[in-house]
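User: I'm new to this structure and would like a close look at a single part of it. Could you pick one helix, walk me through its surroundings, and then follow the chain outward from there?

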Amino acid sequence: MLASTWRGLVTRHRLPLESTMSAESKSAESSGRRPACTAESPGTAAVAIAARSKVLRFTLITLRGYGSVCLSEDTLRVQLVFAGCAACTGYGSCMSFASVPFSGFGWDRGGMDRRDQAWLESALSDSATRVVVVDRSSVLVEGHELAPLTVGDLPADDAVVAWPDAVWLGRVDGETWVAVPASAGVEAALRDGVAWADVRQVAAGMSAQDAALAATSVAITAWNAANVFCARCGQWMRPIDAGWVRVCNEGHEEFLRLDPAVIVRITDEADRVLVGHNAAWEPGRYSIFAGFVEPGESFEGAVRREMREEVGLDLTDITYMGSQPWPFPRSLMVGFTAKAASTAVVTQPDEIDEARWLSRDELRAAVADGSVRLPGPSSISYALLADWFGGALPVREAVGRA
């Protein structure tokens with residue numbers, strides 16, 4: 001396993017041993033220095049290798065999309081620390097799955113504190129408490145960030161937001177945050193510059209903090225709204241644990257549950273990528289393949305089963321890359337790459353009605369002529385494709401007169 005640190009966060013990957021040393025890496029190794037991190041040579045790395053309580057001999061190599069890496073000749077256990085630079089932001093050769101929207105920020109959620117309802121009551125009585133206002137999958141924003149609203153900015157009654165349904169999110173840099181569903185009168189109370197934005201559409205342009213808080217707010221408020229009655233006895237349920245648990249009069253508790261789904265980028269021996277069109281999508285929209293994990297099934301088992309069902313392929317080299325919460329309404333996307341044992345695709349017309357093998361040049365051309373539209377940058381599907389492509393995915397230029 002390879003543990004890579006990016007902006008203080010950790011993701012894990014498996015790496016092949018078949019990589020070769022680049023000329024730049026050889027030069028760097030002989031001189032005892034690392035290649036400079038520039039826009040042309042981003043993502044260079046310092047690596048420490050340890051196994052069986054001793055430092056092992058290693059080879060300096062270059063992996064496409066990951067910069068220079070030290071890999072033990074005796075073991076697959078390595079640690080990679082990205083150096084990064086000002087030119088290495090967003091997706092591109094420096095891309096890490098820690099930078100996928102919703103996945104790149106952690107905060108003090110107060111998991112133990114929120115068991116005491118007084119924490120939420122205290123937050124709602126403090127005029128400085130930050131508020132994320134939610135309406136289904138949208139939140140209030142100002143520019144590219146969450147609207148800087150506090151409890152003191154909103155009326156104390158329920159005309160603008162539904163205070164009884166507030167959920168305590170925790171603390172960020174000393175500030176307390178809550179999520180609150182909007183009420184019918186919210187539109188009239190909005191100041192200039194504050195507007196609704198669907199989290200899926202704006203997450204890629206938000207800070208990691210705001211994207212994560214927005215996603216959590218959308219998920220927890222949607223769960224509370226959908227779980228008003230007990231699934232076991234039918235009685236009304238009230239929120240406890242600051243909005244993170246619901247309980248009925250019989251004492252039956254319900255906790256927020258996730259629907260895990262796997263998503264996989266498949267390549268062939270020529271390093272072409274397979275993209276597909278879902279029968280329910282508008283024409284021209286393509287992505288990689290995903291499916292929900294079934295009971296009693298591992299993630300890897302779900303990858304194998306789903307790809308046999310959707311495109312008729314057997315896979316090898318199934319490799320975990322990273323994950324992304326996808327709170328629409330409550331999924332957790334678990335990303336993999338895999339190699340196809342053959343290129344003979346057999347689709348299921350009622351689900352995947354077309355699948356195409358594309359080289360990087362073919363993908364670029366298909367996007368340019370409008371026959372292929374790719375996932376947006378808020379999704380892990382974009383991240384997996386960008387990792388293969390070697391940089392930001394192509395976007396069709398506007399056509400017609402200015």
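Analyst: Let's start with helix 8, which covers residues 380-389. Keep in mind that this is a predicted model. Helix 8 is mostly covered, with 10 of its 10 residues buried. Going along the helix, the buried residues are Ile-380, Ser-381, Tyr-382, Ala-383, Leu-384, Leu-385, Ala-386, Asp-387, Trp-388 and Phe-389. In general, an α-helix has 3.6 residues a turn, so residues three or four places apart point the same way.

What do the buried residues of helix 8 pack against? There are five strands and a helix to look for: strand 17 (259-267), strand 18 (273-278), strand 20 (315-326), strand 21 (331-340), strand 22 (352-358) and helix 7 (360-368). Just after helix 8 comes Gly-390, with a positive phi near 95°.

Now for the largest pocket, where helix 8 turns up again. This pocket holds about 910 Å³ of space. It is lined by 34 residues, and those closest to its centre are Trp-281, Arg-285, Ser-287, Trp-326 and Ser-381. Helix 8 is one of the elements giving two or more residues to the lining, along with helix 4 (199-202), strand 17, strand 18, strand 19 (289-292), strand 20 and strand 21. Ser-381 is worth finding on screen, since it is both one of the buried residues of helix 8 and among the residues closest to the pocket centre. The element that gives the most to the lining is strand 19, with 4 residues. Sorted by class, the lining has 17 nonpolar, 11 polar and 6 charged residues.

Several of helix 8's packing partners lead on to loops worth a look. Take the loop between strand 17 and strand 18, which is where Asp-271 is found. Asp-271 has a positive phi, near 65°, and is a residue other than glycine. As a general point, most residues other than glycine have a negative phi, and most peptide bonds are trans. With a relative accessible area of 24%, Asp-271 is partly exposed, because buried means under 20% and exposed means over 50%.

Right beside Asp-271 in the numbering is Arg-272, whose side chain meets that of Asp-268 in a salt bridge at 2.7 Å, N to O. The two partners sit differently: Asp-268 is buried, at 4% relative accessible area, whereas Arg-272 counts as partly exposed at 26%.

Move on to the loop between strand 20 and strand 21, and you'll find Pro-329. A cis peptide bond joins Phe-328 and Pro-329, with omega about 10°.

Strand 19, the top contributor to the pocket lining, leads to another charged pair. Arg-305 and Glu-294 have side chains that meet in a salt bridge at 3.6 Å, N to O. This pair links distant parts of the chain, 11 residues apart: Arg-305 is in helix 6 (residues 299-311), and Glu-294 is in the loop between strand 19 and helix 6. Arg-305 counts as buried, at 13% relative accessibility, while Glu-294 counts as partly exposed at 42%. Both belong to a network of salt bridges that links Glu-294, Glu-297, Arg-305, Glu-306 and Glu-309.

There's one more salt bridge to see around helix 4, which also helps line the pocket. Here the side chains of Asp-198 and Arg-200 meet at 3.2 Å, N to O. Arg-200 is partly exposed, with a relative accessible area of 33%. Counting across the model, there are 18 salt bridges.

Further along from there is Ala-208, in helix 5 (residues 208-226). Ala-208 counts as partly exposed, at 40% relative accessibility. Its contacts, leaving aside neighbours within four places in sequence, are Gly-104 and Phe-105. Also, Ala-208 and Val-100 are 108 residues apart in sequence but 8.7 Å apart in space, C-alpha to C-alpha.

To finish, compare the covered residues of helix 8 with a residue out in the open. Arg-136 lies in the loop between strand 7 (130-135) and strand 8 (138-142). It is exposed, with a relative accessible area of 71%, and its phi is positive, near 55°. Helix 8, by contrast, has 10 of its 10 residues buried.

Definitions and conventions:
Residues numbered from 1 in each chain as written. Predicted model: local features only at pLDDT ≥ 70, side-chain atom pairs only at ≥ 80, totals over all residues. Heavy atoms only, no water. Buried < 20%, exposed > 50% of the residue type's maximum accessible area, 1.4 Å probe, protein only. Contact = heavy atoms within 4.5 Å. 1 Å grid on protein atoms, 1.4 Å probe; cavity = no way out; pocket = protein on both sides within 12 Å on 5 of 7 lines; lining within 4 Å. Points joined across faces, edges and corners; volume = space filled by probe spheres on them. Nonpolar A, V, L, I, M, F, W, Y, C, P; charged D, E, K, R; others polar. Salt bridge = Lys/Arg side-chain N within 4 Å of Asp/Glu carboxyl O.
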